[in-house]
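Please work through the exercises that follow with the sequence and the 3D view side by side. Each task is followed by a solution that goes step by step.

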Amino acid sequence: MGIETGVAWRELRAHFEQVVELQLTQMFAGDPQRAVDFSLEEQGLFLDYSKNRITRESIDLLTNLAVEAKLPAAIKDLFAGKKINITEGRAALHTALRAPKSAYIELDGVDVIPQVHAVLEQMETFSETVRSGQWLGFSGKPIRNVINIGIGGSDLGPSMAYEALRAYSQRNLNIQFVSNVDASDFAEAVQGLNADETLFIVCSKTFTTDETLTNARTARSWLLDQLIDKKAIAKHFVAVSTNTEAVQAFGIDAQNMFGFWDWVGGRYSLCSSVGLAVMVSIGGTNFRAMLSGFHAMDEHFRTAPLAQNMPVLMALLGVWYNNFFVAETHAIFPYDKYLGRFPAYLQQVDMESNGKSVDKSGLEVVVQSGPIIWGQVGTNGQHSFYQLLHQGTKLVPVDFIGFAQSHNPIADHHDKLMANFFAQTQALAFGKSSQALADEGVDEALIPHRTFSGNRPTNTLMAEKLTPFVLGQLTALYEHKIFTQGVIWDVFSFDQWGVELGKNLAVEIFQQLESSGTGKANFDASTTQLLNRYRGMRKTS
C-alpha cells in the first residue's frame, strides 16, 4: 500500500481542498503573530516559513504524515549506522564524518570515529605542509597550484565549498577543479601553469571512475611532458581513494593516499577526505569549524521534535507543494556571490537521491517523488527568470538565502543586495492588485500586464555571516530535508542506479568509435545515424 492510501495523506488531501484558495495577504492580515509563529532559529540560522500557503492545521497534518511514514525510526536508523542503503547493502553514515572525537558510533561492531579522525589528522598535516610551502615539487619549488580531479560528489561538494569559503582561503594558492571529460576542462585549468608548481588531487573511491581516470592520465602526461622523469609523479599527485593497488600502479605514493569508507556516499562525502582541496584552501581550523556546523545541524535533526525541526519542516513544505499543489520544481536563490555553486551542488544531492519512480518494495511510486532543483545567485536571477516566478503560470516554491554581514563591505552594496532580497519575498507573497494600480492612475489597458497575483510561496533562511560553521549548517539542513522526503515517499535515497545505463552504453559506443566501425553494433537507427555522421565529421590524426 502506498502513502496516498494512509490516513494522514487522505486528511491532507481534504485539508488541501479547504485551503487551496487562501491568500497570503488574508492570512497575514488575520494573524498578527503569523511571522513569529512560523519562524524557527537554530544556533544562529533563522528560518522564516510564514510566507507559505499553510495554516497551523497544515503543519499538524504534515507532521502526522511524517509520523505515519515512521520518520522518527528512520532518523534513528540513519544515525545508528543501520544498512538503510539496502539495494547496495550498506549504511549511509556520513553523519559520522563530522562527529566529534569524543563520539562513539559503531558499525559492524567497530567504532568508526577513531578512523574518521585519523584521516582528518592526516589531511590536516598534509594541508599545512602545502599551505606553508614545505611540500616541494620535483624540482624543489613549493606548490602554487592545486587541481582537484573528480566528478559528481568528488567535484560538486568540494568545488561548492571552496567557492563558498573563498573569503577564508589562502590567496597565494590557486585552487581549481576539473571534472568534465571534455578535454577543454583540463586544458583551461592548466593553461599558463608550470608543472613543477602544480599538485593534482585525484578523487575516486575505487580509482576506476572513467571520467576521473581519463583526466588523471591526461594530467600525468601533461606533467611528464614538462618534468620528464616518472619519479615526479609521486611529488605532484596525491589520491583520495580506497584502492591502494591502483593508486600505486598510477605512480602515486601510498603514503599520499587519503582513504574513506564504503558507508560514505559520493554526494555526501564533502566532510571526508574528498574535501581535501577545501582543507588545503581554508586550513584545518576552518575545515573543522565547517564540520562543527554540520554536526550542530545533525544533532538538531536527530533530537528536535518534528514540528520544531528545521530540516523536517522544510521537507514537509516541499511535500505539500510537490504532491498537493503539483509544483514540479523547487528553486534555491542565494543572495551571496560565494554561494553561486550551492544550487548546482543541491541538484545532485536532491535529484540523485529522490529522483526515483520505484518504492522500497520495488513497486511503482504513485505520487510525484523528487522535484527538479534549480537556482541562481539572487540579483542575477532578478534580471533573468524572475518574470516567470512573479507573473508566469508555473507555481515555483523558492528558498531565499541571505546574510546580515558581507565579507566585502564596500559602500552601500550589501544594503542594496539585501533590500532586493527582502523585496522579492514580499512581492512574491503579496503581489500588487489591479485595484492598487487603478488607484495609482495606471492606464487601464496596462493594468492586466502590471498586476502581480502574489500568493507565491517562499522560505527565507538568514544567518549573520557566511562562515565555515554556517556553510556546514546549511548543507546538512538540505541533506536531512532530502532524507526526510525520501522517507515520506518511501524511496531509497542513498542509491543512484539511474546513472548506470547511460554509463554502460557509453562504454559500448566508445569501443565502437575506437574500432574501424565495421563491426556489427546493436544500436538503434537514430544512434547509428548519429555515430556515422560523427565519424564523417571528426578530424582524424
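**Exercise 1.** In this predicted model, decide whether Val487 is buried or exposed, and find which residues distant in sequence Val487 touches.

*Solution.* Begin with the accessible area: Val487 has a relative value of 8%, and because the limit for a buried residue is under 20%, Val487 counts as buried. Next, place the residue in its element, which is helix H20, spanning residues 468-489. Then list the contacts, leaving out residues up to four places away in sequence; what remains is Ala69, Leu71 and Ala74. Finally, consider Lys360, which is 127 residues from Val487 in sequence, while the two C-alpha atoms are 9.7 Å apart in space.

**Exercise 2.** Trace how strand S2 is paired with S1 and with S13, and identify which residue of S13 is the bridge partner of Leu47.

*Solution.* Start at S1 (residues 39-42), which runs antiparallel to S2 (residues 45-48) and is joined to S2 by 4 bridges. The two strands make a hairpin with 2 residues between them, and in this turn Gln43 has a positive phi of about 50°. Within the pair, Leu40 has Leu47 of S2 as its bridge partner. Now move to the other pairing, in which S2 and S13 (residues 458-463) run antiparallel with 3 bridges between them; here the bridge partner of Leu47 is Leu461.

Leu461 deserves a further step. Apart from neighbours within four places in sequence, Leu461 is in contact with a set of residues that includes Leu45, Phe46, Leu47, Met310, Met314, Phe400 and Tyr478.

**Exercise 3.** Determine which residues touch the most other members of the largest nonpolar core, and which element gives the most residues to this core.

*Solution.* The general background is that nonpolar side chains tend to be buried together in soluble globular proteins. In this model the largest nonpolar core has 118 residues, and the members that touch the most others are Trp263, Trp320 and Leu461. Helix H12 gives the most to this core, with 12 residues. A second core, separate from the largest one, has 26 residues, among them Val178, Ala189, Val190 and Ala195.

**Exercise 4.** Establish the strand order of the open sheet of 5 strands, explain why one side of each edge strand is left without a neighbour, and find which helices pack on the sheet.

*Solution.* Read across the sheet to obtain the order S6-S5-S7-S8-S9, with parallel pairing. The edges are strand S6 (174-178) and strand S9 (257-258), and because each has a single partner strand, one side of each lacks a neighbour in the sheet. Looking in more detail at one pair, S5 (residues 145-149) and S6 are joined in the parallel sense over 5 bridges, and Asn145 stands opposite Asn174 in S6.

The helices come next. Helix H9 (residues 210-227) packs on the sheet and touches S5, S6, S7 (198-203) and S8 (237-240), with a direction at about 160° to that of S7. Helix H12 (residues 276-303) also packs on the sheet, where it touches S5, S6, S7, S8 and S9, and its direction makes about 165° with that of S6.

**Exercise 5.** Work out which parts of the chain the salt bridge between Arg267 and Glu352 ties together, and describe what else the side chain of Arg267 meets.

*Solution.* First confirm the pair: the side chains of Arg267 and Glu352 form a salt bridge with an N to O distance of 2.9 Å. Arg267 lies in the loop between S9 and H12, whereas Glu352 belongs to helix H14 (residues 342-354), so the pair ties together parts that are 85 residues apart in sequence. Compare the accessibilities: Arg267 is buried at 4%, while Glu352 is partly exposed at 21%.

Then add the polar contacts, in which the side chain of Arg267 is joined to that of Ser353 at 2.8 Å and to that of Gln496 at 2.4 Å. Residues touched by Arg267 beyond four places in sequence also include Gly153, Tyr345, Phe494 and Asp495.

**Exercise 6.** State how many salt bridges a search of the whole structure finds, and examine the pair formed by Arg166 and Glu163.

*Solution.* The search finds 19 salt bridges. In the chosen pair, the closest N and O atoms of Arg166 and Glu163 are 3.0 Å apart; Arg166 is partly exposed at 27%, and Glu163 is partly exposed at 28%. Elsewhere, Asp31, Asp37 and Arg56 are linked in a network of salt bridges.

How values were computed
Residues are numbered from 1 along each chain as its sequence is written. This is a predicted model: local features need pLDDT of at least 70, side-chain atom pairs count only at pLDDT 80 or more; totals for chains, interfaces and linings use all residues. Side-chain values use heavy atoms; hydrogens and water are left out. Two strands pair if DSSP finds at least two bridges between them. Contact means heavy atoms within 4.5 Å. Axes are lines fitted to C-alpha atoms, for helices over the stretch in contact, and angles run from 0 to 180 degrees between N-to-C directions. A salt bridge is a side-chain nitrogen of Lys or Arg within 4 Å of a carboxyl oxygen of Asp or Glu. Buried means under 20% relative accessible area, exposed over 50%, partly exposed in between (1.4 Å probe, protein chains only). A nonpolar core is a set of buried Ala, Val, Leu, Ile, Met, Phe, Trp, Tyr and Cys residues joined through side-chain atoms within 4.5 Å. A polar contact is a pair of N or O atoms within 3.5 Å; within protein, one must be able to donate a hydrogen and the other to accept it, and residues adjacent in sequence count only if both atoms are side-chain atoms.
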